Structure formats: structure tokens, C-alpha cells
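Dear colleague,

I am passing on the structure we spoke about, and my notes on it follow below the display. Please read them alongside the sequence and the coordinates.

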Amino acid sequence: MKPAPRAVTPSRRRAARAAGRTGQYLALAAYLIFLGFPLLWLVSVSFKSPQELGSIDPTWLPRHPSLDNYRKAFDTQPLLRAALNSLLVAGCASVIAVAIAVPAAYVMVRYRTRVSQAGTVWILISQMFPFVLIVIPLFLVLKNLHLINSLTGLIVVYVVWNLPFSLWMLQGYVKAVPRSLEEAAAVDGAGRLRVLTGVVLPLLTPGLVATLMFSFVTAWNEFFFALVLLKTPEKQTMSVILTHFTGAEGAVDLGPLAAAAVCATLPTLLFFALLQRRLVGGMLAGAVKG
């Protein structure tokens, strides 16, 4: 006779679950270290002296932390002006792109016409064009409009460039809104605009926050268009100013560059931290309403 299978006791099940949770936490910790190490190393380098940076025996932490790199970075380059330019360009471009994408995504989802289908095809095709292919005609168009070396011209470029991505993201959120809510509002006498602003828009809060966040980060980090369109240092953004710490022959002023890179990273981290709360709050509110 075959021996009876050994019964799994509750203590063994608890031990197995505990081991599984421990493995998950270890994997999550390893992943967080993998993601956070470049930022931590960047911060460490920004506080090191030139002697430590040139040492053949590098250390994880600076032996004698100093703010000299930050002082030198702000003294040699207009970082504050560049940060304000980036904030203005990224903020305006992301808000305008999302404001245009909300009604457009609603129409493309709720009204399946040839125009909406053509819009979907345009979204897919627009993501296939490389930057180099469109930069020359884009430069000529903006030159005729007198928008070269202008933050307004860069905002227009970023709005057009972020719009397909914003439309693509918001379409999924619009599809998740039940039609029955719109029909109930229409029965109560609400017009199409009232339905969009009073019923659909509040339910799109998580999608709006996520789209706004990604559009802002994309515009903040963009380098190629800003390098081509902006000429004077007073108009340049943070991504372009960072290249000024590299010499003509490839020599890099590593300490001030690291300090400037930390300053360029902090606004996006703060923006993400602030909007993350709104994102979670919007999700919970939507769950309660549902």
C-alpha cells in the first residue's frame, strides 16, 4: 500500500507564506537599490572635492563633504534662470496638451467616425518619426513664424509632441467611464458640455494626473529640440545648460556637473511626489464613487 500523503499543517503554511513574503521584500529592496543607486551616487559625487574625484581609490561617501561644487555650478552657469525656463516650458506645455487631449480623447472614444479613426492612426504614425527627420522642416516653420530662440516656440513644439501620448493615455481612461452615468446625466437635462465637465472629468482625475505628470517630465528632460531652437543662454533650459559643463575637447567638470544634475533632478522628484498624492486620492475617490 502507498503511504498516505503527509498533511500540511497550519504552521507549515504560515512558514511558507512568511518565506514567500520575505522573498518578495528582498526582491523589492534589490529593485529599489538598483533604481536608486545612480541618484545616490550622483548626490555623493556632488559633495566630493576635486581631489576625491581624481583619486584612483573612489569611496562611496565623500570623506570631506563640501558645497563648493554647488557654488561653482551656480557661479559659472545661469542655473536658476534655466530652471525657471524649464519650469515655464514644461508646465505650460503639459497643461495645454492635457487640456486639448481631454475633449479630443472623449470624442475619439464616444464617436467612432472616420475622423476619430484617422486620429488614432495619426497617434500611431506620429510616434514612428525620429527627431532628426522632422527637425529641419520644424526649424523652417518656426523661423517663418519668428519663434526661433523663443520659449513660446518651444512650448508649441512640446505641446504637439506630447499630444499623441496624452491622447493615447486618456483614451483608456475615457473608455473606463460607464456610459450609463452620462445617460443618467443627460436624462436629468445636462448638456454635452455639462456631462463632460461635471460627470466625465471628475472620474478622469487619476488619468489626468498621470498624463500631466508624464508630459511634464518628458518636456522637462527633453534636450534635442531645446538645443536646436534655443540659442542664447538666457533662454536655454536645464537640459541644455548641463552640456556647458563639458569642454570643447571632452573634458568634464565632474563636480559642478553632478551638482547641477542634482538641481535639475529635484524639481521632477518634487513634482512627482506632489502629484502622487493626488493620483492615489483620485483613485480612492473613484473607487468610492463607483
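Among the contacts in the protein between residues at least 6 apart in sequence, 73% join residues that are at least 24 apart. Please keep in mind throughout that this is a predicted model.

As to secondary structure, the protein contains 13 helices and zero strands, so that, read from the N terminus on, its elements run α-α-α-α-α-α-α-α-α-α-α-α-α. Of the 290 residues of the protein, 35% count as buried, while the accessible surface comes to about 18000 Å², with 70% of that area belonging to carbon and sulfur atoms.

I then turned to the interior. The structure holds one cavity of 30 Å³ or more, and the volume of the largest cavity is about 30 Å³. Its lining is made up of Ser86, Val89, Tyr158, Ala219, Trp220 and Thr237, and two helices, α4 (79-110) and α10 (205-221), each supply at least two residues of that lining. When the lining residues of the largest cavity are sorted by character, four are nonpolar and two are polar, and no charged residue is found there. By that sorting, Val89, Tyr158, Ala219 and Trp220 are the nonpolar members of the lining, whereas Ser86 and Thr237 are the polar ones.

If you look at one place in the model, I would suggest the lining of the largest cavity, where α4 and α10 both contribute.

With best wishes

Key. Residues numbered from 1 in each chain as written. Predicted model: local features only at pLDDT ≥ 70, side-chain atom pairs only at ≥ 80, totals over all residues. Heavy atoms only, no water. 1 Å grid on protein atoms, 1.4 Å probe; cavity = no way out; pocket = protein on both sides within 12 Å on 5 of 7 lines; lining within 4 Å. Points joined across faces, edges and corners; volume = space filled by probe spheres on them. Helix = DSSP H or I, 4+ residues; strand = E, 2+ residues; numbered from the N terminus. Buried < 20%, exposed > 50% of the residue type's maximum accessible area, 1.4 Å probe, protein only. Contact = heavy atoms within 4.5 Å. Areas by Shrake-Rupley, 256 points an atom, 1.4 Å probe, with all protein chains shown as cover.
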